[in-house]
Amino acid sequence: MPDAIGYERIGDIAVLSANNPPVNALGYDTRVGLIKGIERAEADTGVRAVLIYGEGATYFAGADIREFGKPPREPYLPDVCNRIEACPLIVVSAMHGTALGGGLEIALSSHYRIAVPSARMGLPEVNLGLIPGATGTQRLPRLTGVEPAIDLVTSGRQIGAKEALSLGVIDKVAEGTPRDIGLAYVQELLDSGANRRAVSELPAPAPIDFDAAYDAALAKARGQLSPAYGVRAIQAASEKPFAEGVAEERRLFIELMGTKQRQGMIHAFFSERAVGKLPELDGVTPREVKAIGVIGGGTMGAGIATAALQSGLNVVLLEMSAEAGEAARGRIEGNLSGALKRGKLSQEKYDAMVGKALTIATDYQALSDVDLVIEAVFERMDVKKEVFRKLDAVCKPGAVLATNTSYLDIDEIAAETSRPQDVIGLHFFSPAHIMKLLEVVVAAKTAPEVAATGFALGKRLGKISVRAGVCDGFIGNRILKTYRTAAEHMVLDGASPYQIDKALTDFGFAMGPYAVSDLAGLDIGWMTRQRLAPTRHPRERVPTYADRLCEAGHYGQKTGKGYYIYEGSRRGGIPNPEVMDLIEAERAQLGLTPRDFSDDEIVRRYMAAMVNEGAKVLEEGIARRPLDIDMVFLSGYGFPRYQGGPMKWADMQGLDKVLADIRTFAKDDDWFWQPAPLLERLVAEGKTFDDLNKAAA
Ligand code: 3HC
Ligand code: NAI
């Protein structure tokens with residue numbers, strides 16, 4: 001194996017090349033290699049300058065995240081950075097790929113920086129629940145000033161070479177390989193007699209109102225600490241000498257390293273990458289997909305068609321009538337013109353998408369040549385079955401037949417066709433061209449290459465695809481139904497929907513469950529309650545006050561009234577007083593005396609319901625690994641990333657505590673609160689959900 005950092009002498013230039021695939025992460029060997037490389041260059045007679053660049057796909061993409069949480073090993077990254085800057089020779093970094101986090105910090109410690117035009121740079125530590133911990137918060141503001149530095153550190157956003165040049169992060173942009181442009185730039189600097197230049201020696205950046213910036217960062221991040229800590233670290237750069245600022249950055253970094261938020265976010269990072277890795281699909285080749293059909297151009301069908309067009313696919317959209325087809329076209333054009341206005345799409349591409357690439361049809365024959373069809377018609381089994389019978393008759397052999405059903409039995413749908421091996425669930429989330437989650441629902445007879453095609457399509461559409469099995473609601477909606485029920489029980493027993501929404505947004509959810517219901521439409525839950533009524537167990541507690549709201553025509557945001565009243569702007573309504581009247585009437589009718597709920601109890605009940613149902617979903621094989629459930633909630637249900645997902649959250653609480661809560665709640669309702677056998681087993685064996693993730697890896 002080559003050294004993590006190679007050393008080569010070219011004339012009077014020492015070249016240090018990073019060789020730590022896949023992303024040149026700054027693990028122990030790389031850090032040691034950099035220090036040794038600098039020392040060797042200093043001792044190498046005649047060397048006047050050092051060039052640092054990365055072999056392979058990228059410059060250094062950051063610290064080695066796999067080392068986090070383990071005892072740190074010297075040399076630490078900030079010491080490596082300071083050692084590079086202290087070098088008496090001119091040090092130049094040449095960047096390509098992604099220079100992120102510790103990687104950018106190495107570059108900022110070099111005396112000059114050059115990048116290829118496609119290079120991306122950033123300090124994304126905030127996305128891992130951290131701040132830059134290798135002098136980035138001290139060096140960056142000395143180059144850019146405080147405000148751009150706060151923007152980059154608190155958002156974690158990546159910038160391109162052009163923006164980096166205009167902000168003063170880099171000195172030059174040039175086309176070529178990093179090695180070639182780096183060598184040419186070093187030569188140019190040597191020829192012009194340039195001096196060594198240390199960012200740490202630049203004047204401290206001018207201060208701003210740091211307390212206001214801290215408060216703004218805290219409020220924006222909904223309880224996540226790292227952005228606000230980033231502001232404090234940059235404040236130190238402005239107010240303290242460099243070495244003291246570095247010490248303050250280190251103190252804040254180490255404090256964050258010890259938090260559950262950091263654990264949760266790093267779990268999310270690795271889960272995002274593990275979620276698509278399924279041993280059952282190893283070596284399975286997906287079928288080729290160039291053109292897709294979409295049946296039904298309502299909310300979901302139009303969103304799915306939009307996503308497909310944006311990824312370069314041709315789309316045939318089938319509706320019930322020419323008028324419905326035109327309405328679908330209008331929705332798709334509306335979605336795409338949003339992207340056009342935001343500058344995410346050129347006019348030329350927009351024209352091609354709504355022109356040549358999109359066909360609206362009413363005749364099934366139009367689907368005879370597509371490679372994959374996604375059905376998104378009304379959520380009714382009889383309607384879906386008829387659609388699949390027709391698809392079976394017209395689609396070419398080998399075409400994948402997918403349904404976007406939210407709850408219905410895909411095995412039953414597949415049985416309507418002569419080719420159940422080609423049938424799969426592709427469950428998108430609304431708005432389908434924006435939401436990241438895709439549940440790939442593998443039915444009993446789905447062929448492996450059809451499942452692989454689902455994942456390949458998800459990747460092409462930029463989705464996070466999670467494998468799920470068939471059951472009522474698959475992974476997400478099934479678990480949702482259980483924790484929504486737990487919320488409804490609390491409402492009957494004394495909490496208000498508004499207190500529940502507040503407790504959960506304080507926990508970090510983007511929206512509380514009642515605000516979400518208003519957004520999705522209260523009629524959806526109403527229809528589901530009606531559908532499930534015949535199968536309901538007599539001990540199930542199902543409130544009816546929400547049915548009264550629907551009967552009065554209040555479906556949430558789309559009718560202007562639901563749990564909240566929406567006037568003017570559609571976002572954020574005010575509580576609807578009729579709701580509490582209906583709840584109080586129902587409590588009185590049931591003879592219930594309302595009691596107080598603390599926010600803590602609300603969160604514990606809500607989360608325990610989620611985790612318990614999650615454990616049942618795992619045990620039944622509906623989800624393969626706990627991390628699959630975490631990814632469903634992080635990418636489709638607004639679960640706060642810094643809490644890691646429900647199963648990681650449970651691990652961090654201690655599974656014994658969650659189980660003890662469930663047993664306590666069961667004293668009042670042992671029908672609803674039946675502990676999942678898997679949860680009991682893990683607690684008995686002293687294991688965690690993460691142990692199951694590791695066992696499945
Ligand atoms: N450490 C360890 N492994 C890493 C890593 C890192 N910093 N970055 C990526 N990897 C691993 C991934 O887990 C993946 O492993 P796998 O193949 O076993 O699943 C592999 O490298 C390839 O990663 P991607 O699949 O993400 O590849 P892409 O080409 O899509 O993206 C990337 C490359 C843009 C570099 C992306 O991986 C990324 O954003 N990485 C994280 C960058 C980051 O957060 N850096 C800051 C780290 S914290 C830090 O530096 C602290 C310092 O301030 C002290
Ligand atoms: P919608 O009511 O907005 O759209 C349904 C469309 O299908 C209508 O435009 C209708 O004209 C068309 N349609 C009905 N029968 C048809 C047929 N036989 N042939 C062709 N077109 C037909 O419904 P929505 O919300 O788009 O839901 C569609 C499916 O997606 C349902 O199965 C639903 O459960 C599922 N889904 C809905 C989500 C949501 O948030 N709305 C999220 C995920 C899945």
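These exercises walk through a predicted model.

**Exercise 1. Find the domains.**
Which residues belong to each of domains 1 to 4?

*Solution.*
- Step 1: Domain 1 covers 5–258. Domain 2 covers 289–468.
- Step 2: Domain 3 is written in two pieces, 482–494 and 597–697. Domain 4 is 497–594.
- Step 3: Take the centres over C-alpha atoms. Those of domain 1 and domain 3 are separated by 40 Å.

**Exercise 2. Describe the shell around ligand 1.**
How many residues surround ligand 1, and which are the closest?

*Solution.*
- Step 1: Count the shell. It holds 24 residues.
- Step 2: Pick out the closest. They are Ala61, Gly62, Ala63, Gly101 and Gly102.
- Step 3: Sort the shell by type. It has 13 nonpolar, 6 polar and 5 charged residues.
- Step 4: Look for contributing elements. β5 (98–100) and α3 (102–109) each give at least two residues to the shell around ligand 1.

**Exercise 3. Place strand β4.**
Are the residues of strand β4 (residues 90–95) buried or exposed? Which strands pair with β4?

*Solution.*
- Step 1: Check burial. In β4, 6 of the 6 residues are buried.
- Step 2: Split the side chains by direction. Ile90, Val92 and Ala94 point one way, while Val91, Ser93 and Met95 point the other way. In a regular strand, side chains alternate between the two faces of the sheet.
- Step 3: Take strand β3 (residues 49–54). β3 and β4 are parallel, with 4 bridges. Leucine 51 stands opposite valine 92.
- Step 4: Trace the connection. β3, helix α2 (residues 77–86) and β4 form a right-handed β-α-β unit.
- Step 5: Take strand β6 (residues 112–115). β6 also pairs with β4 in the parallel sense, over 4 bridges. Serine 93 has arginine 113 of β6 as its bridge partner.

**Exercise 4. Place strand β16.**
Why is strand β16 (residues 437–442) described as largely enclosed by the rest of the structure? In which sense, parallel or antiparallel, does β16 run with β15 and with β17?

*Solution.*
- Step 1: Check burial. 6 of the 6 residues of β16 are buried, so the strand is largely enclosed by the rest of the structure.
- Step 2: Compare directions. Leu437, Glu439 and Val441 point one way; Leu438, Val440 and Val442 point the other way.
- Step 3: Take strand β15 (residues 423–428). β15 and β16 run antiparallel, joined by 4 bridges. Glycine 425 has valine 441 of β16 as its bridge partner.
- Step 4: Take strand β17 (residues 464–469). β17 and β16 are parallel, over 6 bridges. Glutamate 439 has valine 466 of β17 as its bridge partner.
- Step 5: Follow the chain. From β16 the path passes through helix α17 (residues 448–460) to β17, a right-handed β-α-β crossover.

Terms used. Residues numbered from 1 in each chain as written. Chains lettered and ligands numbered in written order. Predicted model: local features only at pLDDT ≥ 70, side-chain atom pairs only at ≥ 80, totals over all residues. Near = placed C-beta within 6 Å. Nonpolar A, V, L, I, M, F, W, Y, C, P; charged D, E, K, R; others polar. Domains from an automatic or database assignment. Buried ≥ 20, exposed ≤ 12 C-beta atoms within 10 Å, placed from the backbone. Pairing = 2+ DSSP bridges. Right-handed = clockwise from strand over helix to strand, strands pointing away.
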